[in-house]
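Please look over the sequence and the model first. A short briefing on one interface and one residue follows.

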Amino acid sequence: MKSSPSTPTHPLALLALDGLLGDEEREIRATVRAAADRELRPHVAGWFEKGEIPARELARTLGGLGVLGMHLEGYGCAGTSAVAYGLACMELEAVDSGLRSLVSVQGSLAMYAIWKHGSEEQKQRWLPKMAAGEYIGCFGLTEPDAGSDPGAMRTNAKRDGSDWILNGTKMWITNGSVADVAVVWARTEEGVRGFLVPAGTPGFSAPEIKMKLSLRASVTAELVLDDVRLPADAVLPGARGLSGPLGCLNEARFGIVFGALGAARDCLETAISYAKDRTVFDRSLASYQLTQQKLADMAVELGKGMLLALHLGRLKDAGELTPEQISVGKLNNVREAIAIARECRTLLGANGITLEYPVLRHANNLESVLTYEGTSEVHSLVIGKALTGEQAFR
Ligand SMILES: Cc1cc2nc3c(=O)[nH]c(=O)nc-3n(C[C@H](O)[C@H](O)[C@H](O)COP(=O)(O)OP(=O)(O)OC[C@H]3O[C@@H](n4cnc5c(N)ncnc54)[C@H](O)[C@@H]3O)c2cc1C
């Protein structure tokens with residue numbers, strides 16, 4: 001005799017992981033989740049379909065929510081724990097990776113670069129308005145011929161008296177065409193340095209990249225620098241060499257470790273609900289062993305990914321997180337998230353290919369997440385080097 005169905009458990013409740021969070025972390029998560037569900041989720045499929053977002057309005061909404069640079073101290077930033085920041089990234093990415101990207105690039109790349117390496121004057125000028133979402137920032141490191149290997153960059157800055165003259169092209173820059181300030185990394189005689197380039201500076205333009213099949217609810221642009229003249233105080237005084245931009249990338253990668261799980265969670269919740277409602281061969285899709293095996297495997301990976309993210313978050317809050325550990329988190333959690341998104345898509349059948357449901361949108365977005373902030377291959381090489389002591393990058 002078949003037993004009657006019992007009350008279902010949410011995939012993340014299986015391991016009772018909420019018990020690992022503090023009250024404030026749970027509160028921040030609940031606030032971000034409620035705002036994201038109210039103000040972002042209803043619009044996101046439309047933004048994705050059009051390939052357009054109301055970036056300025058969104059930045060103000062996210063600034064009002066307090067998530068822009070939320071893990072930084074001072075200058076209008078909330079100074080939360082790294083775990084709280086990770087949980088916010090997770091809630092935003094549960095709506096769309098593009099929206100989390102806006103927040104990551106603003107807070108962990110552009111604001112962090114200024115916060116960590118900027119002069120007091122630069123911090124006062126940019127950070128409070130960036131935290132409020134009144135100014136948008138972008139971070140230009142990648143170039144058409146220098147992605148995984150930023151040391152191959154060609155963009156250069158030369159001194160002309162006390163001024164700097166910048167020339168070069170940056171590629172795939174999130175927020176690029178809507179940014180009020182671009183953090184641009186360039187080769188100089190003193191090694192790689194970071195420059196703050198305000199929008200509207202003569203010789204600087206940021207054409208938007210169109211025809212994307214992934215991260216469509218996010219602005220991506222080229223940055224073109226054609227004899228851009230900047231004053232001496234445009235350079236970030238605290239950053240010299242590639243360690244400057246690479247340190248910023250570690251901040252953003254940390255947010256992705258949590259964020260990618262948000263996309264996976266949204267897919268899994270959708271698939272479970274769909275499987276329970278959908279009848280195939282006279283029974284609910286959820287009642288078949290093949291379906292349950294898929295759901296069980298996905299819930300196991302989601303739970304493991306969450307444990308990993310929380311562990312890395314606690315290490316970060318203790319000031320002990322290493323770049324290799326971030327690589328473990330980024331590699332695993334993005335790889336598992338994309339696998340979950342694709343598997344959930346199978347459970348939705350034909351409905352899975354539409355924007356009525358979020359799963360293929362998430363899967364498509366995660367293709368970008370797999371590539372940016374260090375590709376999976378690059379993170380494997382980082383871990384391989386840690387394990388063997390031998391670098392295999394070149
Ligand atoms: C939507 C989107 C937004 C982005 N936003 C930003 C941004 O805001 N700012 C920014 O600076 N950049 C941004 N990027 C760029 C991103 O960081 C780069 O795309 C990424 O670093 C990879 O560089 P690439 O595309 O040039 O690929 P490549 O470096 O050319 O890599 C191609 C392939 O070669 C592999 N590979 C590379 N090196 C090795 C090796 N040593 N051994 C074996 N395989 C290797 C890679 O893993 C990959 O599979 C964004 C990208 C996307 C797609």
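A polar contact is a pair of N or O atoms within 3.5 Å; within protein, one must be able to donate a hydrogen and the other to accept it, and residues adjacent in sequence count only if both atoms are side-chain atoms. This is a predicted model: local features need pLDDT of at least 70, side-chain atom pairs count only at pLDDT 80 or more, and totals for chains, interfaces and linings use all residues. Residues are numbered from 1 along each chain as its sequence is written, and side-chain values use heavy atoms, leaving out hydrogens and water.

**Domain 1 and domain 2**

- The protein chain is divided into domain 1 (12–131), domain 2 (137–241) and domain 3 (244–388), with bounds from an automatic or database domain assignment.
- Contact (heavy atoms within 4.5 Å) takes in 30 residues from domain 1 and 27 residues from domain 2.
- Across the interface of domain 1 and domain 2, 8 residue pairs are in polar contact, both residues at pLDDT 80 or more.
- Helix 4 gives the largest share of the side of domain 1 that touches domain 2, with 12 residues; helices (H or I, at least four residues) are DSSP runs, numbered from the N terminus.

**Arg361**

- Arg361 sits in helix 9 (residues 359–371).
- Arg361 counts as buried because its relative accessibility is 6%; buried means under 20% relative accessible area (1.4 Å probe, protein chains only).
- The side chains of Arg361 and Asp96 share a polar contact of 2.7 Å.
- A polar atom of the Arg361 side chain also lies 2.7 Å from the backbone oxygen of Val95.

How values were computed. Helix = DSSP H or I, 4+ residues; strand = E, 2+ residues; numbered from the N terminus. Buried < 20%, exposed > 50% of the residue type's maximum accessible area, 1.4 Å probe, protein only.
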